[in-house]
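Visitor: I should like to take a close look at the aromatic side chains and at the strands that surround this part of the fold. Could you take me through them in a connected account?

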Amino acid sequence: MSAANCLLTEDQFLCSICLDVFTDPVSTPCGHNFCKTCITQHWNVNVPNQCPNCKEVFNTRPKLRVNTFISGMADQFKQSAQQKAELEKTEAEIQQMIQKRRVKIQEIKHSVELSEEDADREIADGVQVFTALMKSVESKLNELIDTIKENQRKTEKQAEGFIKELEQEISELKKRSTEVEQLSRSEDPLHLLQSFRTLNTAPPTKNWTGVRLSPPSYEGTVRRVVNQLEETLSEQIKKLLTEVELKRVQQSAVDVTLDPDTAHPYLILSDDGKQVKHGDVKKNLPNNPERFDTCPCVLAKQSFSSGRFYYEVQVKGKTDWYLGVARESINRKGRITATPQLGYWIICLRNENEYKACADPSVLLSLKSQPQKVGVFVDYEEGLVSFYDVDAAALIYSFTGCCFTEKLYPYFSPCNNDGGKNSAPLIISPVNHTE
């Protein structure tokens, strides 16, 4: 008999009652095998002393003995099944490890793609900045060259004038010399006497003794122009870098809407949650824990606890306002002191032209122009809150080295109406990315 025909199948190790691998296999007199517990329970519940397979009935309950061969084979089969299960588990673990590494490869490739995009963007920004600076340097150089050439042209023109005047005098003197020579050879005493007085007087000429051509002095010209250029470039670099920075932070723009549940009862919010102004009339609203009850301010619905986010607020026409971010646990009842130590990172406008950063102590800000639209940028992990004059592409102020451990909410206060002088709303504006 061939080895293939001697191989036992899985079915040969299964109990026909429990349909599982034999446990303590026993044989009936008819030659069929069952788990000892299975056949015993079967005879106790069903037809006693009958083989479940061939239906042979025994006069007395047979004495069941363990089938050592089947038992040994069943044990080996169980071990084999366990080993197979372990191999399948190992294979699954290996496949899982392979899959994790494939995912990691994709992550690394994606990181490389993002890095390449960052590098291309950085190169493009660098080219933009340096191109503008080189144009400024080239323009200043051309201006220097033109100035020097213009001064040289003036010198040449002055020299030409002197030479022309001298040549005219030489011509007059030569003419007089000829007349004198002719008169000296004259033999007519009367003619000599008549002409002597005229010819004996020198023709009208300039005294050239003190006349000097004064070429312009170029001593220190290049240094003076370079110093001017340095000042110009310093301002231009600052502006260009801020433009690049603003363009980059605008990539983190998020949609922000105002949360009416936090708004002070005097505030009026637009239906779309994008505008807020002071209404002068206190609305009857529930004094829930989230609501500010003394300071006329409101938070956004959105909160942020990681990453970067940016939004813009129109402040045009206002004489007073507060903008920034606040942590979730701030005190919303009673008078508020807005400082980073108490969970506020805010700048403000007071009295039409007094800009401050609400630090401790506060920082008076000197701005070249009055912002009409303010951009607010937060980098949670870096602990950075920056404010920008969007139209001027200028940095207003930055809180640095902040330690954020809670959710941050955008914060808005339109302040009081001030008799209508400050009635304009704060408007959350869509971000138009700077070109």
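Guide: Lys-206 lies over the face of Trp-208, at a distance of 4.7 Å from the centre of the ring. This arrangement, like everything that follows, is read from a predicted model.

We may turn from a charge over a ring to rings beside rings. A pair of aromatic rings is described by the distance of the centres and the angle of the planes. With centres within 6.5 Å taken as the criterion, the count comes to 10 aromatic pairs. In one of them, the ring centres of Tyr-397 and Phe-399 are 5.0 Å apart and the planes stand at 80°, so this pair is edge-to-face, because planes over 60 degrees apart are classed in that way. Phe-399 has a relative accessible area of 5% and is therefore buried, the limit for that term being under 20%.

Ring pairs also join Phe-292, Tyr-344 and Tyr-411 into a cluster. Phe-292 leads to a further residue, since His-264 touches Phe-292 together with Asp-293, Thr-294, Cys-295, Pro-296 and Cys-297, when residues up to four places away in sequence are not counted. His-264 belongs to the loop between helix H5 (221-249) and strand E4 (267-269). Although placed in a loop, His-264 is buried, with a relative accessible area of 5%.

The strands come next. Strands of a sheet pair through backbone hydrogen bonds, either parallel or antiparallel. Strand E7 (residues 308-314) has five of its seven residues buried, so the strand is largely enclosed by the rest of the structure. E7 pairs with strand E12 (residues 373-379) in the antiparallel sense over seven bridges, and within that pairing Tyr-310 has Phe-377 of E12 as its bridge partner. E7 is also joined to strand E16 (residues 426-429) by three bridges, again running antiparallel; here Gln-314 stands opposite Ile-427 in E16.

An open sheet of six strands follows the order E6-E15-E8-E9-E10-E11, with antiparallel pairing. Its edges are strand E6 (298-299) and strand E11 (363-365); each has a single partner strand, so one side of each is left without a neighbour in the sheet. Within this sheet, strand E8 (residues 321-327) and strand E15 (residues 408-413) run antiparallel and are joined by six bridges. Leu-323 has Phe-412 of E15 as its bridge partner.

Technical notes
Residues numbered from 1 in each chain as written. Predicted model: local features only at pLDDT ≥ 70, side-chain atom pairs only at ≥ 80, totals over all residues. Heavy atoms only, no water. Phe/Tyr/Trp six-rings, centres within 6.5 Å; stacked < 30°, edge-to-face > 60°. Buried < 20%, exposed > 50% of the residue type's maximum accessible area, 1.4 Å probe, protein only. Lys NZ or Arg CZ within 6 Å of the ring centre and 35° of its normal. Helix = DSSP H or I, 4+ residues; strand = E, 2+ residues; numbered from the N terminus. Contact = heavy atoms within 4.5 Å. Pairing = 2+ DSSP bridges.
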